[in-house]
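Reader: Please take a close look at one part of this model, the metal site and the charged side chains around it, and set it against the wider structure. I would like a careful, connected account.

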Amino acid sequence: MKKISLLGSTGSIGVNTLDVIERYPENFQICALSAGSNVELFARQIRKFKPALAALFDSTKVDALKELVADLDVKIVSGPEGSVSAASFPEVDLVVSGVVGSAGLLPALAALKAGKNLALANKETLVIAGELVLKEAARTNTKIIPIDSEHSAIFQALNGEKTERIKKIILTASGGPFRTFSLKQMENVTVKEALNHPNWSMGAKITIDSSTMMNKGLEYIEAKWLFGVETNVEVIVHAQSIIHSMIEFVDTSIMAQLGIPDMRVPIAYALTYPDRFESELPSLDLAAMGDLTFEAPDFERFPCLQLAMDAMEMGQTLPAVLNAANEIAVQAFLDELIPYKDIAELIRMVMQNHRPVPLQELEDVLEADRWAREETTKLITVTH
Ligand code: MG
């Protein structure tokens with residue numbers, strides 16, 4: 001019986017993780033859950049999965065939660081310390097993090113520090129503090145198992161291989177809803193259009209990131225940290241999202257992982273790794289799929305992808321700044337405060353105004369994150 005702590009249980013990854021866990025009651029037990037602010041759903045999950053500890057990030061709603069689960073034997077905690085308690089819950093073997101955004105960093109570090117293996121869907125953790133996170137995992141001899149579908153594919157393609165035999169990682173991208181749009185068409189796309197992803201059903205933030213290809217940019221950085229900063233990573237647009245990523249080895253052989261675009265597949269692999277469990281999900285119907293297509297990414301129409309690669313190249317606090325500026329800009333777009341094309345423009349300006357410092361401790365990341373959020377907010381107020 002694997003004992004699990006699930007962080008971000010009411011989000012898209014969280015809900016899918018519980019859906020997988022529910023199918024294997026003999027193999028997994030939920031010991032701790034954490035969520036942001038969706039009290040009603042969180043209460044239903046607590047009732048169903050009976051964790052010993054439940055952490056609600058939004059402290060203002062903790063009384064409402066306590067009332068909803070008053071008849072249950074569960075300890076309720078709140079705030080950032082609450083998520084840290086859930087991440088380091090004593091009996092847990094594996095912490096699954098589906099937290100959205102940079103709020104995932106502290107609990108991820110806490111899990112590794114407590115000696116827990118970490119199944120990571122929250123890419124920001126590696127994007128903003130990859131160096132510190134890897135150091136902590138090495139220090140405590142813990143494993144980071146990627147849940148992001150592309151990184152799970154690379155992780156699976158690496159089974160039994162040596163990382164030093166990788167020639168390059170080929171990171172596939174769906175290209176999002178605007179893959180075929182002209183530069184002119186992309187200037188005035190609406191929130192509704194951007195939220196309409198062709199293949200994957202995900203949360204709002206990541207769906208917008210997919211439409212700008214910032215998601216692929218963040219995944220590029222994530223791949224560098226997971227599989228070696230010196231490793232070549234190439235992005236290729238593959239509209240059908242069937243090949244989830246590939247590795248070309250030094251002998252030019254390419255290993256690919258294919259599957260239906262359903263997050264429950266990589267989630268289940270992270271939970272059962274190094275084993276695999278039988279799944280009730282439908283098999284991929286290759287004949288029905290027909291053609292699989294590939295094209296080079298267009299950096300002119302998708303400047304966010306280039307910005308992310310540049311941030312990784314420059315290193316230090318720049319990836320943290322890129323990520324924070326993106327979070328604020330995407331939220332401003334969702335709130336209809338800025339036009340779509342300004343997301344990339346704002347990030348570019350904030351990166352230009354930043355004075356990078358080396359990442360030595362957590363405070364360096366948090367300070368860069370704070371600065372970039374303020375700077376982006378300021379630029380939005382001044383220019384809109
Ligand atoms: Mg992905």
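Author: Glu295 is a useful point of entry from the outside, because it is partly exposed with a relative accessible area of 32%, where buried means under 20% relative accessible area, exposed means over 50%, and partly exposed lies in between (1.4 Å probe, protein chains only). The model is a predicted one, in which local features need pLDDT of at least 70 and side-chain atom pairs count only at pLDDT 80 or more, while totals for chains, interfaces and linings use all residues. Residues are numbered from 1 along each chain as its sequence is written, and side-chain values use heavy atoms, with hydrogens and water left out.

Glu295 forms a salt bridge with Arg179, with the closest N and O atoms 3.0 Å apart; a salt bridge here is a side-chain nitrogen of Lys or Arg within 4 Å of a carboxyl oxygen of Asp or Glu. This pair links distant parts of the chain, since Arg179 is in the loop between β8 and α8 (183–187) and Glu295 in the loop between α13 (286–289) and α14 (303–314), 116 residues apart. Helices (H or I, at least four residues) and strands (E, at least two) are DSSP runs, numbered from the N terminus. Arg179 is likewise partly exposed, with a relative accessible area of 26%. By the salt-bridge rule the count comes to 26, and a network of these bridges links Asp19, Arg23, Asp262, Arg264 and Glu280.

The metal site itself brings in buried residues. The protein donors of the magnesium ion are Asp148 (OD), Glu150 (OE) and Glu219 (OE), lying 2.1 to 2.2 Å from the ion; donors are N, O and S atoms within 2.8 Å of the metal (3.2 Å for Na, K and Ca), and water is not among the atoms, so sites may look incomplete. The spacing of these donor residues in sequence is D-x1-E-x68-E. Glu150, in helix α7 (residues 149–157), and Glu219, in helix α11, are 69 residues apart, and the pair links distant parts of the chain. Glu150 and Glu219 are both buried.

Two of the donor residues also take part in salt bridges. Asp148 is bridged to Lys123, with the closest N and O atoms 3.0 Å apart. Lys123 lies in the loop between β6 (117–120) and α6 (124–140) and Asp148 in the loop between β7 and α7, so this pair ties together parts that are 25 residues apart in sequence. Lys123 and Asp148 are buried. Glu150 forms a salt bridge with Lys216, the closest N and O atoms being 2.7 Å apart. That pair again links distant parts of the chain, with Glu150 in helix α7 and Lys216 in helix α11, 66 residues apart, and Lys216 is buried, as is Glu150.

Glu222 belongs to the surroundings of these residues and lies in helix α11 (residues 214–227). Glu222 is buried yet has no salt bridge, and the nearest side chain of opposite charge, Lys123, is 4.8 Å away; Lys and Arg count as positive and Asp and Glu as negative, whereas His and the chain ends are not counted. A polar contact of 3.4 Å does join the side chains of Glu222 and His151, a polar contact being a pair of N or O atoms within 3.5 Å in which, within protein, one must be able to donate a hydrogen and the other to accept it, and residues adjacent in sequence count only if both atoms are side-chain atoms. Leaving aside residues up to four places away in sequence, Glu222 touches Lys123, Leu126, Val127, Asp148 and His151, where contact means heavy atoms within 4.5 Å.

Helix α7, which holds Glu150, has nine of its nine residues buried, so this helix is largely enclosed by the rest of the structure. Its buried residues include Ser149, Glu150, His151 and Phe155. The cover over them includes β7 (144–146), β8 (166–173), α11, β10 (243–249), β11 (254–258) and α12 (264–272).

Just ahead of helix α11, Met213 lies in the loop between α10 (204–212) and α11. Phi of Met213 is near 65 degrees, a positive value in a residue other than glycine, and at 2% relative accessibility Met213 counts as buried.
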